[in-house]
There are 6 protein chains.
Amino acid sequence: MRRAIYPGTFDPLTLGHLDIVERARRTFDEVIVLLAVNTGKTPLFSLQQRLELVRASVAGLDGVRVDCHDGLLVEFAQRVQASAIVRGLRAISDFDYEFQMAIVNRKLAPQVETVFLMPSEEWSYLNSSIVRELWRFGGDYSRFVPEVVRSAMDQLKGSTR
Amino acid sequence: MRRAIYPGTFDPLTLGHLDIVERARRTFDEVIVLLAVNTGKTPLFSLQQRLELVRASVAGLDGVRVDCHDGLLVEFAQRVQASAIVRGLRAISDFDYEFQMAIVNRKLAPQVETVFLMPSEEWSYLNSSIVRELWRFGGDYSRFVPEVVRSAMDQLKGSTR
Amino acid sequence: MRRAIYPGTFDPLTLGHLDIVERARRTFDEVIVLLAVNTGKTPLFSLQQRLELVRASVAGLDGVRVDCHDGLLVEFAQRVQASAIVRGLRAISDFDYEFQMAIVNRKLAPQVETVFLMPSEEWSYLNSSIVRELWRFGGDYSRFVPEVVRSAMDQLKGSTR
Amino acid sequence: MRRAIYPGTFDPLTLGHLDIVERARRTFDEVIVLLAVNTGKTPLFSLQQRLELVRASVAGLDGVRVDCHDGLLVEFAQRVQASAIVRGLRAISDFDYEFQMAIVNRKLAPQVETVFLMPSEEWSYLNSSIVRELWRFGGDYSRFVPEVVRSAMDQLKGSTR
Amino acid sequence: MRRAIYPGTFDPLTLGHLDIVERARRTFDEVIVLLAVNTGKTPLFSLQQRLELVRASVAGLDGVRVDCHDGLLVEFAQRVQASAIVRGLRAISDFDYEFQMAIVNRKLAPQVETVFLMPSEEWSYLNSSIVRELWRFGGDYSRFVPEVVRSAMDQLKGSTR
Amino acid sequence: MRRAIYPGTFDPLTLGHLDIVERARRTFDEVIVLLAVNTGKTPLFSLQQRLELVRASVAGLDGVRVDCHDGLLVEFAQRVQASAIVRGLRAISDFDYEFQMAIVNRKLAPQVETVFLMPSEEWSYLNSSIVRELWRFGGDYSRFVPEVVRSAMDQLKGSTR
């Protein structure tokens, strides 16, 4: 059985992320969406909220589960015997960081392959920070996120931005 | 009449920005230089100061006016019935962010076109952060900014950097 | 009146080109789609055929006309008093050549501005050479070109590839 | 069973190609190295020779076979029921062409996913054209190709370059 | 005598940095590794520690010395009569910032040339921030830094990350 | 004494090339401008003409000489005991090919360092092919080439383009 990890912060999960999860699932027998505990800055949603939102978003997808991890990605990969780390590669994207991490991860765990998939061109421009920015300025983010995420973001509106 | 918006933080306005304003004005009947209220970090100049410096810098340009806005860019564009958002596109530039914003803005307001102009190669390397860095280290920024901006930056020198 | 030129080989015209023509027309009062006489290699369609196909494709667009030119682009621009050269700028694109030509054209004719527009992300990957390749290998190019171009390409099928 | 295609011209196969074949094999149950019949220019080796050299080079790899195809890649993929097209993605690489082909192939056959793998950084600079150039100028290409390819290239030396 | 400056934060010095120092030394008669006093954020190592670690790392290299500077780089270059600023240029790298700084430095001091060298492809992915990240998550950074730096990082482990 | 090679086709030499020659000369004691015998396509000027034009263009520069070579660049470098290969690196440029060649050359001759210099931003867009295109279409190339090259190109005008 081939197992892959799809790591990220998912703050929040977008339809572009979901597209990659589905593509990864067609390529691997099991996909673990792995949330980083530490986001490096104050997240929009807490780890617990992100876990719930991602779980709700992938609920209908067979062979996909959700977990979180605090530490080196490759350690988690080795622990769950994943053979691959999946990354979305957009034409509009930060190649540098992706390549750097892929090479470093390979040095640390040569048996874990980083596999790049390309999201639908419909989502080639999309990332979580664009969605957060739309939310912050009162823009319409509903077409960029799953329904369950949209609903959770709407409820955040009472809080200070 | 064709109206365009040239949005930015302009902290401070450089000669590269001014070059784009003039090119935009030759392409559109009216250009609104639109200052972001929120710069995301502590700016060198306050919004009020930036408004005054940009207004003084474009004073001689017919059909150019200056405004500020807090919120979604496309909302402002729609309110003033602008048909275009103008962006400078340098060979040395952050294409990713530019393209992302252009696509998202198009999704939110399809009738507002993002138009990319190329500054003179004389300014292809220039942005506000380089100018702020020169100021911080006591370098000579006079050739990179309009006279009125240079003068205001000189007076900042008494403050702590 | 603001007139723009949209130059290219258009061998053949794609739906991505047509998208740029429409965006250019919303930004300028008149758009001239300008076909290069010399394509540098054996074209799929002769100049005469390309002229007819482009004319048929833009027939419904008010304020758009089609012409051809053999020589320096800026000479044509100056002759017809165009104020702008329009270029499509795709995330997936040859920036280098675009920027080089834009700077050289500016040196030769400073009053003609090169203006970059972004096609719909639906066409961000599309160019004529992809369409020609699909035709050559018997693939389905119908979703990438206007109906009139598809029909002309179908009829080419009798010829040797 | 998950089957992947690794398409290319392989004129000649390099150690960078071989590295990707091995990585692909660890990710998929079967890998078909698929040689393009048509190379677009006069190749160093004929199709027959390239087939033999690639076959000899992957002889020791279980679950890897070699084939050739003249036509659309996705047609072959569908015929052999491959679920993926594998491409090597080097930091130094032609992203544009890769992304274009990946999107077009997806349009033509949505169920075939393009999967990008990263070769060892040892081969990040290597492609067939560099190897051909070394051969042409009498340089030492032995460290860049499998032994069987090196030997075949040595024997080419009698021919005119 | 030709003197070059190799500026950086070196927080910490990596084997990629050391590779560039050695290449620079083969190109110039003297190389000054110049540490920025101000790192812009909280560094892993203090200025004093970084000076000691870099000095220890280059101890065996003839014609290499280490210094630090707070202010404009070109001022230091002029003071020590250096004719060149050396920068490592990785395929995976921030070209934009490098080019910007090179042009601005040239404007400020035309007689000081910025010279780009390419590290071994073995280090093409490596920078200090990757090393700090490995340290933070308890990964193995020993293969990426000189022995003396590894030892100092190990001792940091008692502190809060 | 430090000797560097500046290799190229120089068909024709541009003011951008000349700018790099002068910068190289300030960094090295001797610079050999090395013309490739084989240009890969029909050149505008014959090898003999190119040699004469480059020699005339650098006549006033002390410590610069001109030669030609047919074969591997590093062989020539080793024969004349050059320690460096100089390449111009423009923001608008073919990084890929430059990096590939630099790594391959390093593999073949580790003691010869490839050194990248940046031309004046005035020439950041310029290459020989742009100049040839201007000549072909009757444009004004006089501001892009040395006087002696301009004069030779003018005389080519009688020939068929």
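**View 1. Gln81(F) is exposed, with a relative accessible area of 65%.** Exposed stands for over 50% relative accessible area, buried for under 20%, and partly exposed for values in between (1.4 Å probe, protein chains only). Gln81(F) sits in the loop between helix 3 (73-79) and strand 4 (84-88) of chain F. Its phi is near 55°, a positive value in a residue other than glycine. Helices (H or I, at least four residues) and strands (E, at least two) are DSSP runs, numbered from the N terminus. The model is predicted: local features need pLDDT of at least 70, side-chain atom pairs count only at pLDDT 80 or more, and totals for chains, interfaces and linings use all residues. Residues are numbered from 1 along each chain as its sequence is written, chains are lettered from A and ligands numbered from 1 in the order in which they are written, and side-chain values use heavy atoms, with hydrogens and water left out.

**View 2. Gln81(D) has a positive phi of about 55° although it is not a glycine.** The residue belongs to the loop between helix 3 (73-79) and strand 4 (84-88) of chain D. Gln81(D) is exposed, at a relative accessible area of 65%.

**View 3. Chain A meets chain D through 26 residues from chain A and 26 residues from chain D.** Contact here means heavy atoms within 4.5 Å. The two chains bury about 2,400 Å² between them, 54% of it on carbon and sulfur atoms. Arg2(A), Arg106(A) and Met118(A) lose the most area to chain D in chain A, together 28% of what that side buries. Buried area is the accessible area (1.4 Å probe) that two parts lose on being put together, summed over both.

**View 4. Polar and charged pairs link chain A and chain D, with 8 salt bridges found across the interface.** A salt bridge is a side-chain nitrogen of Lys or Arg within 4 Å of a carboxyl oxygen of Asp or Glu. In one of them, Lys107(A) pairs with Glu121(D), the closest N and O atoms being 2.6 Å apart. There are 17 residue pairs in polar contact between the two chains (both at pLDDT 80 or more). A polar contact is a pair of N or O atoms within 3.5 Å; within protein, one must be able to donate a hydrogen and the other to accept it, and residues adjacent in sequence count only if both atoms are side-chain atoms. Helix 1 (15-27), helix 4 (95-108) and strand 5 (113-117) of chain A each supply at least two residues of the side that touches chain D. Helix 4 of chain A gives the most to that side, with 6 residues.

**View 5. Strand 5 of chain A and strand 5 (residues 113-117) of chain D pair in the antiparallel sense over 3 bridges.** Two strands pair if DSSP finds at least two bridges between them. Leu117(A) stands opposite Val115(D).

**View 6. The peptide bond from Asp11(B) to Pro12(B) is cis, with omega near 5°.** Pro12(B) lies in the loop between strand 1 (3-8) and helix 1 (15-27) of chain B.

**View 7. In strand 1 of chain B, 6 of its 6 residues are buried.** On one side are Arg3(B), Ile5(B) and Pro7(B), on the other Ala4(B), Tyr6(B) and Gly8(B), so that both faces are covered. Strand 1 runs parallel to strand 2 (residues 30-36) of chain B, joined by 6 bridges. Ala4(B) has Val31(B) as its bridge partner in strand 2.
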